[in-house]
Amino acid sequence: MAAHLSYGRVNLNILREAARKELREFLDKCAGSKAIVWDEYLTGPFGLIAQYSLLKEHEVEKMFTLKGGRVPPADVKNIIFFVRPRLELMDIIAENVISEEKLPAPREAHILFVPRRSLLCEQRLKEQGVLNSFTNIDEYILDLIPYDGDLLSMESESAFRECYLENDQTSLFHTAKGLMTLQALYGTIPQIFGKGECARHVANMMLRMKREFAGSQNQILPVFDTLLLLDRNVDLLTPLATQLTYEGLIDEIYGITNGYVKLPPEKFAQKKPGEGGKDLPTEPKKLQLNSAEELYAEIRDKNFNAVGAALSKKAKIISAAFEERHNAKTVGEIKNFVSQLPHMQAARSSLANHTSVAELIKDITSAFEPFSLPLFHTSSYKNFKPISGDNLSSESFFDNLTVEQEFMTGVDTDKINTYIEDCIAQKDPLIKILRLVCMQSVCNNGLKQKVLDYYKREILQTYGYEHILTLNNLEKVGLLKPQTTTRNNYPTIRKTLKLWMEDANEQNPNDISYVYSGYAPLSVRLTQVLARPGWRSIEEVLKMLPGPHFEERQQLPSGLHKKRQQGENRTTLVFFLGGVTYAEIAALRFLSQMEDGGTEYIIATTKLINGTSWVKSLMDRPEAQIL
Amino acid sequence: MAFVTANWNPLGDAFYRKVELYEMGWSLKDGLRECLVAAAPYGGPIALLKEPQRRSPSARPQLEIYSSSGVTMASFVWKSGVVKQLGWTVCDDLLCIQEDGTILIYDLFGNFKRHFSMGNEVGQSQVLEAKVFHSPYGTGVAIVTGASRFTLATNIDDLKLRRLPEVPGLQGAPPCWAVLTQDRQSKVLVANGADIFILDNAVCTPVNPPGLSPQATSIVHMCVSFSYKYLALFTDSGHVWMGSTDLKVCLEFRRLMCRRPKSREPSVVIMWDRHLLVVGLFPYYFLPLPLRLVYRKLYPLAIEICRYLKTPEYQGVSRVLKHWACCKVQQKEEADENIARAISLKLGEAAGISYSEIATKAYECGRTELAIKLLEFEPRSGEQVPLLLKIKRSQLALSKAIESGDTDLVYTVVTYLKNEMNRGDFFMTLRNQPVALSLYRQFCKHQEQDTLKDLFNQDDDHQELGNFYVKASYQEKLEARIGLLQSAVDEYNKAKNEFAAKLTEEEMRLLRFQRRLEEEKGECLLGFSLHDTISTLLSLGLHKHAEQLYKEFRVPDKRYWWLKLTALAEKEDWEELEKFAKSKKSPIGYLPFVEVCVKRQNKYEAKKYVSKVTLDQKVKAHLSVGDLEGAADAAIERRNEGEIGAVLSRCSPATDRALVERLNRAKATAAKK
């Protein structure tokens, strides 16, 4: 079921299996039939660890969503609350338990805290007078969840906000703990590099936790050679840019949650002869996206402009394979053909799905194809739609991209931008505006006070004054800032790290810049330089970026020192504190696959993000009372 | 040499022999008569309580503890209540179960450790019988009360009392019963006459052991094997039934050639010995040998055995040393300094030593200073902090918690400090610990808004106060809302954030305008943004009001034109739109006019504006209204290859042949250029 987790260089299925084992053990602790009451946020991440069948095997008969009042009736012996340690959830649980106890035959109650139990929460339950009502109070240490063969995420939605805006480093503590778990399973990581305040903090906690375990030496041969910890605020620019890989665009446009995407159903309608007038489906089409699907693994990290060619090549291969049946003459040949049918049919339906997805994306982005012209594109007229709500038309997609690329290459970043002005005037979605304004600010190392105030005023008058809080938040995390020095160091960073590549090759890339059609993500450049020639070559630039950079070594017990074979690649775990985008992941996968790269990367993060979800997490929206 | 097998005795088809290793060193005058006796397993200590029924102050029972060889380890007069049962825990602690349901715990040297109760119900109806049992979860106690009900605790160190369901027809104490561990649960097996029941937490289930003779009219004794795997029943007909504890398999059923016994049936016990020989099982939850020696304070021997067994350091030697240290801190005559030094010297960096456990012991013995000294050696803040709080070193606890990075721990200390200190001191403490302060702010944001304000006030953080009032304003009705916004303005001014102050004033002005509008026109626009307000006014035809806002709020021309254009088109007020287009030169050009009309499917209106569009946008304008000729003219005039191509792509070769040719010619010329 999760075989794709074990395909990669590091078998992440070990981690998943460990998590499943722990879950089974807890479920067995609550003997008898049970109902699980879910903190809704957890169901997605849990789905990646255990399907319902596993729960069912352990006598889970019902599942409910945690809400006020009482737990719905169900003839079970146990009720188990699966929750994050949050005070507001404790109040709801208390309410549930109190009404349960009024029943003639109350069910036994248990709590499973994910990822960690919390004294503060237990204190709250005590104040509510229900702490002793629980037979089991336990924790389920689920920090890093395997999302794919080379990808781990904590899916901690507000990690960036908490760390950089609220100075609450809880998620970093969980990160350090998660890395300790990882080391317990995959061996001590001998080398730790880092850049940024949060990175430093995590490394410190790890070293400290290691001292706490002094004496119990880890005897596992290290799987990872290096850990690289990167603060998101070292590279604020990358998530603001629109991702141009296939997977990145799916995420930008439709949003991927816990490995699934929901798409408009029209293009997925099955056309069968004679059913012309059949109603179109109305339920969104839900697709699972991971490397278990062969075709998806092949195209996910390609620049979208290279996807069409890949799909048609695949179509030819598949139809050729089906044609083979005409050549099958003997019984043996026919048998052989039939045995391959299920695989071929799966490939065909996978191809059909992704062709539809690509069409959906093309409707929105087609203007950025290389053969199109800035001003014109036929399809943009054919599908001319009212500029409304959240719908990006292809023209605005292209204009938006042009402005992004101007900012990234340093064109007129110090002036009020007409495109942004026009978008505000037409009340385009606020997040789109915020992404652009923030990008301009980042690329200019802050905006002139006059320019900044102008944008802010335009935004407040158009979208409402309540957004003064959001703007304030963006300033606090450094996404927006007034220029303090006249010196803009972004061009130096751009040039030194080669963040802009004029001749990015989208079809047959030779550099990571293909993921943003020209822009090479700063975070990934730092990773690349670290591997070769090393950070010493970019000391100056590192100093311009926020936070310290450092290197630590962890002693290995003698006998565990790896003897590297000639030509054997190193394995580096890159941990993005505060989130990572799919395009960055694609860039790292590209580096892993480079023939002479010498390093393979496993990626971990607090949360998979895109510019929209990221900026959204920084917004404050006070709900107005009815006036 | 004597015949080697001479002292082996047959037992069924197995043999056994008895070897006397040593003589008991005790001298019991009256033997074990009128005594409660309990012997710990694995050669552990033996406890005797002589004449437990004595109650008068002048003649009290005597409690004695002997080593397994009969050496006196403790002896004292029992002054507490009437004891019904003695028993030993897995770690060699003595349990004295009293009639009133209180259980007193002593260590094997007779030192009182603690006591607990088996609950009110047990207290009221009194203990009739009790049993101490061991399971993977620790040592448990089961009690049957005067009300013929069972109460059970599986682990006395994590006390959870369970009152088991009623046994039908049972009065007084049952003739016999036993505790089983099955399916990770402790259950009671009880016989009442010929009926046998299993009690778990929820139900009382009758059971029928397979192969039990119907001749038996009552079960008089039962016994569970050491491993909890096997059960023996003895019936009044003189039969013994033996089988698995799940009562599914009968191993043996036979009549014993002995009369019904008065006390415990010796044959039954012997039979189990044989089965143990065969099965040879050691329950895994019993303690390893070195630990047993440790409880008996035989430290050097324990260390030697650990080394001999090659037990990993942190599981073996370190644990022995910890126990030694825990004992050391209780030596009242030695000075704190000396003890701390002795301990750190001996323990050094031994793997996995928990200094906090040792410190806890020291604190329990009233040696706070020693405890703090020992805690300095503890590498795990998570362990230090709760103890530091307990011994009232809360400031130190706070810094240790922050060092650990464990925010939950920091929260715990902060909550503790909040309850312990006065508000001023509490705030002052936080001020010196920014990490704790931000966490507390987070807590207040969700739980205590007023405290949050106080915190900002204390720090003179006017910017945050301003934000606070803005946020609060949304919770209020109009008047109060404006009031709070005014407070925000004041704070922003104090923070020298002129921009925020000015914009918040604007917001107040807008709210007042909206209120007036509601009063005058009955249109409720409260809470709309400036953009939405103006746009609604325009669609309502309230152009003057819209104009007023545009001027008063100094909306940039371009934005106002876009806004008005969109609003009028949406209303399809073409006349007003035309008037607007002619009012003055459009700052956004005229292509948007064309496009809004097309968007509303009104090509007729759209065409009116095409001529006004600047040259560089003309092709696009013509194409919008579907005028290919016009588009072609414009493109050719501009000699723009791209534009020409775009027009071409819209032409159909069949119907627009002439046009296509013209365009192709122009394209070729443009390309040459």
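**Notebook: salt bridges, helix packing and backbone geometry**

**Entry 1. Asp557(B) and its partner.** I began with Asp557(B), which is partly exposed at a relative accessible area of 34%. I note at the outset that the model is predicted. I then looked up Lys584(B), and this residue is partly exposed as well, with a relative accessible area of 44%. The side chains of Lys584(B) and Asp557(B) form a salt bridge, with an N to O distance of 4.0 Å. Lys584(B) sits in the loop between helix H21 (574-583) and helix H22 (591-599) of chain B, whereas Asp557(B) belongs to helix H20 (residues 557-571) of chain B, so the pair ties together parts that are 27 residues apart in sequence.

**Entry 2. Other salt bridges.** I recorded a total of 70 salt bridges over all chains. In chain A, I looked up Glu298(A) and found it in a salt bridge with Lys314(A), where the closest N and O atoms are 3.5 Å apart. Glu298(A) lies in helix H11 (residues 294-299) and Lys314(A) in helix H12 (residues 307-327) of chain A, so this bridge ties together parts 16 residues apart in sequence. Are the two partners buried or exposed? Glu298(A) is partly exposed, with a relative accessible area of 41%. Lys314(A) counts as buried because its relative accessibility is 13%, and the cut-off for buried is under 20%.

In chain B, I noted that Lys571(B) is partly exposed, its relative accessible area being 35%. The side chain of Lys571(B) meets that of Asp573(B) in a salt bridge of 3.7 Å, N to O. I then turned to a network in chain A: salt bridges that share partners join Asp148(A), Asp150(A), Glu247(A), Arg300(A), Asp301(A) and Arg589(A).

**Entry 3. Helix H18 of chain B.** I next asked which residues of H18(B) are buried. They are Leu530(B), His531(B), Thr533(B), Ile534(B), Thr536(B), Leu537(B) and Leu538(B). Seven of the ten residues of H18(B) are thus buried, so the helix is largely enclosed by the rest of the structure. I looked for what covers these buried residues, and the cover includes elements from chain A, namely helix H16 (418-425) and helix H18 (449-463). From chain B, the cover includes helix H17 (498-521), helix H19 (543-552) and H20. I also noted that Gly541(B) follows H18(B) and has a positive phi, near 85 degrees.

**Entry 4. H18 against H20 in chain B.** Helix H18 (residues 530-539) packs with H20(B) at an angle of about 40 degrees, and the axes are 9 Å apart. The two helices are therefore oblique to each other. I recorded their crossing as right-handed. On the H18(B) side the contact is made by His531(B), Ile534(B), Ser535(B), Leu538(B) and Ser539(B), and on the H20(B) side by Tyr560(B), Leu563(B), Lys564(B), Ala567(B) and Lys571(B). By class, I find five nonpolar, three polar and two charged residues in this contact.

**Entry 5. H21 against H23 in chain A.** I then examined helix H21 (residues 522-531) and helix H23 (residues 582-593) of chain A, which pack at an angle of about 25 degrees with their axes 9 Å apart. These helices are therefore roughly parallel to each other. H21(A) passes H23(A) in a right-handed crossing. From H21(A), Ser523(A), Val524(A), Thr527(A) and Gln528(A) meet Glu584(A), Ala587(A), Leu588(A) and Leu591(A) of H23(A). The contact has four nonpolar, three polar and one charged residues.

**Entry 6. Ala436(B).** I looked up Ala436(B) in helix H13 (residues 434-447) of chain B. Ala436(B) counts as buried, with 0% relative accessibility. Which residues does Ala436(B) touch, not counting those up to four places away in sequence? They are Leu398(B), Ile402(B), Val410(B), Val414(B) and Leu430(B). Val410(B) is 26 residues away along the chain, and its C-alpha atom is separated from that of Ala436(B) by 6.5 Å.

**Entry 7. Backbone geometry.** I found a cis peptide bond from Val114(A) to Pro115(A), with omega near 0 degrees. Pro115(A) is in the loop between strand E4 (108-113) and helix H5 (119-127) of chain A. Another cis peptide bond joins Arg532(A) and Pro533(A), where omega is about 5 degrees. I place Pro533(A) in the loop between H21 and helix H22 (539-544) of chain A.

In chain B, I noted Asp92(B), which is not a glycine and yet has a positive phi of about 60 degrees. Asp92(B) lies in the loop between strand E7 (83-88) and strand E8 (94-98), and is buried, with a relative accessible area of 0%. Lys496(B), again not a glycine, has a positive phi of about 60 degrees. This residue is in the loop between helix H16 (478-494) and H17 of chain B. Lys496(B) is exposed, with a relative accessible area of 75%.

Key. Residues numbered from 1 in each chain as written. Chains lettered and ligands numbered in written order. Predicted model: local features only at pLDDT ≥ 70, side-chain atom pairs only at ≥ 80, totals over all residues. Heavy atoms only, no water. Helix = DSSP H or I, 4+ residues; strand = E, 2+ residues; numbered from the N terminus. Buried < 20%, exposed > 50% of the residue type's maximum accessible area, 1.4 Å probe, protein only. Axes fitted to C-alpha atoms, helices over the stretch in contact; angles between N-to-C directions. Parallel < 35°, antiparallel > 145°, perpendicular 65-115°, else oblique. Left-handed = near helix turned anticlockwise from the far one by under 90°. Contact = heavy atoms within 4.5 Å. Nonpolar A, V, L, I, M, F, W, Y, C, P; charged D, E, K, R; others polar.
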